[in-house]
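Visitor: Could you take me slowly through one part of this protein? I would like a close look at its pocket and at what surrounds it.

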Amino acid sequence: MEKIGFLDLKEQNQQVKAEIFAAFQKVFEKTAFSGGPFVQEFEENFATYTGAKYAVALSSGTDAVHLMCIAAGIGEGDEVIIPANTFIASPWGVVYEKAIPVFVDCDSDTWEIDPAKIEAAITPKTKAIMGVHLYGQPFNRDAVKAIADKHNLLLLEDAAQAHGAYYKGESLGKGAFMAGYSFYPGKNLGATGEGGAIVTNDENIYNHLLSLRNHGSKEKYYHDIIGYNYRMGGLEGAALNIKLKYLDEWNNKRRAIAKRFFTEINNPKVKMQTQLDFANSVYHLFVVTVEDREAFVKHLNTHNIFPGMHYPVPCHLQKAFGHLGYKHGDFTNSEYLAEHCVSLPMYAELTRNKVDRIIEAVNTY
Ligand SMILES: *Cc1c(COP(=O)(O)O)cnc(C)c1O
């Protein structure tokens with residue numbers, strides 16, 4: 001029985017290897033290693049793909065979150081509301097600017113930020129809400145936006161897991177003020193290295209971001225603001241440009257696998273992420289919860305299946321945020337998820353036979 005890991009990048013990269021190597025050759029011929037025409041072409045294509053007016057390619061998704069915070073004017077002492085159950089990079093950008101992440105609990109069934117819990121976390125210092133489209137499923141953006149508007153707050157979106165997801169029938173970027181993406185190799189759209197992007201529909205924000213990622217300059221050697229070197233490499237841009245053409249096909253394969261999981265997994269001990277009817281997920285991860293995680297994982301291992309865990313510690317209980325003073329019991333839904341989550345194998349190249357095996361293993365637990 002062949003081993004099934006929770007993610008296997010080999011086959012997908014094999015599919016596009018020849019095409020990507022040919023593109024690398026062009027990058028070498030032009031020595032366009034930092035930014036340049038290949039990155040620009042990717043930006044145009046990615047903006048179109050996400051439905052946004054502009055895209056700014058960056059060196060990682062973490063940089064995307066950071067620059068979203070700066071462009072939103074978040075600074076020392078400001079508070080930003082963030083779901084507790086997200087990858088640690090969502091709050092990084094906030095603390096890089098000496099602002100304060102204020103965590104809120106997730107919904108017990110959708111595991112997305114719970115709009116009903118946001119208002120209690122708002123103070124006079126609150127500047128923004130950062131929503132996360134978790135595991136590839138868009139959160140209830142209209143509900144969160146209504147709260148943001150009522151309190152004069154900005155809404156930032158961490159879309160690092162949701163390339164290609166739809167919200168109310170539209171690509172996510174279309175209605176976003178700013179949305180940050182990651183092209184870490186394991187994401188639905190992964191670079192041949194590190195990468196990230198912000199999409200926006202605001203021209204001023206777009207120009208600000210272009211300057212921020214490039215040493216705060218519009219004209220070389222003239223620096224108007226404090227900036228960063230957050231540029232994307234040319235090889236990454238060239239590879240992403242090729243992979244983007246296949247992303248819908250790959251996402252649809254993930255959707256088909258997810259559909260099988262939803263319809264064929266019938267073990268009452270296994271709970272799946274509740275699907276929101278206005279959200280079309282790209283299933284970056286397929287997370288389930290079980291009461292006895294250790295026993296469940298052991299059972300899967302005996303079937304030569306090795307799941308993942310996203311994420312074992314919620315942000316508010318991370319040591320790095322110890323100074324914020326949170327404690328166990330503050331956000332019970334996020335803590336339950338952290339203690340009981342298991343990520344089933346999920347990637348476009350999972351064969352029918354492997355999906356059969358996963359379903360059978362889950363159902364016989
Ligand atoms: C991956 C990820 C990031 C960070 O992206 P990197 O490219 O790894 O820096 C940010 N937020 C979320 C939710 C992510 O999953």
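Guide: Please keep in mind throughout that this is a predicted model. A good way into the largest pocket is through the elements around it: helix H3 (61–71), helix H4 (89–96) and strand E9 (178–182) each supply at least two residues of its lining, and H3 gives the most, with 4 residues. The space in this largest pocket comes to about 480 Å³, and of the 31 residues that line it, Phe87, Ser182, Tyr184, Lys187 and Tyr311 are the closest to its centre. Sorted by character, the lining holds 15 nonpolar, 12 polar and 4 charged residues.

To see where the pocket sits, it helps to step back to the whole chain, which is divided into domain 1 (9–244) and domain 2 (247–363). Both domains give residues to the lining of the largest pocket, so the pocket lies between them. The centres of domain 1 and domain 2, taken over C-alpha atoms, are separated by 23 Å, and 48 residues of domain 1 are in contact with 40 residues of domain 2.

The three elements named at the start can now be followed away from the pocket, beginning with H3. In the largest nonpolar core, which has 31 residues, those that touch the most other members are Leu67, Ile74, Met130, Leu156, Met178, Ile198 and Leu209. H3 also provides the largest share of this core, 7 residues, and the other elements that give two or more residues to the core are strand E2 (54–58), strand E3 (79–83), strand E5 (126–132) and helix H6 (203–213). At least three residues of this core come from each of domain 1 and domain 2.

Methionine 178 belongs to strand E9 (178–182), and, leaving aside its neighbours within four places in sequence, its contacts include Met68, Ala71, Leu156, Ile198 and Ile205. A second, separate core of 29 residues has among its members Phe46, Ala179, Tyr181 and Phe183.

Helix H4 remains, and its buried residues are Ala89, Ser90, Pro91, Gly93 and Val94. These buried residues pack against H3, E3, strand E4 (100–104), E5 and strand E6 (154–158), while just after H4, lysine 98 takes a positive phi of about 60°.

Note on methods
Residues numbered from 1 in each chain as written. Predicted model: local features only at pLDDT ≥ 70, side-chain atom pairs only at ≥ 80, totals over all residues. Heavy atoms only, no water. 1 Å grid on protein atoms, 1.4 Å probe; cavity = no way out; pocket = protein on both sides within 12 Å on 5 of 7 lines; lining within 4 Å. Points joined across faces, edges and corners; volume = space filled by probe spheres on them. Nonpolar A, V, L, I, M, F, W, Y, C, P; charged D, E, K, R; others polar. Domains from an automatic or database assignment. Core = buried A, V, L, I, M, F, W, Y, C linked by side-chain atoms within 4.5 Å. Buried < 20%, exposed > 50% of the residue type's maximum accessible area, 1.4 Å probe, protein only. Contact = heavy atoms within 4.5 Å.
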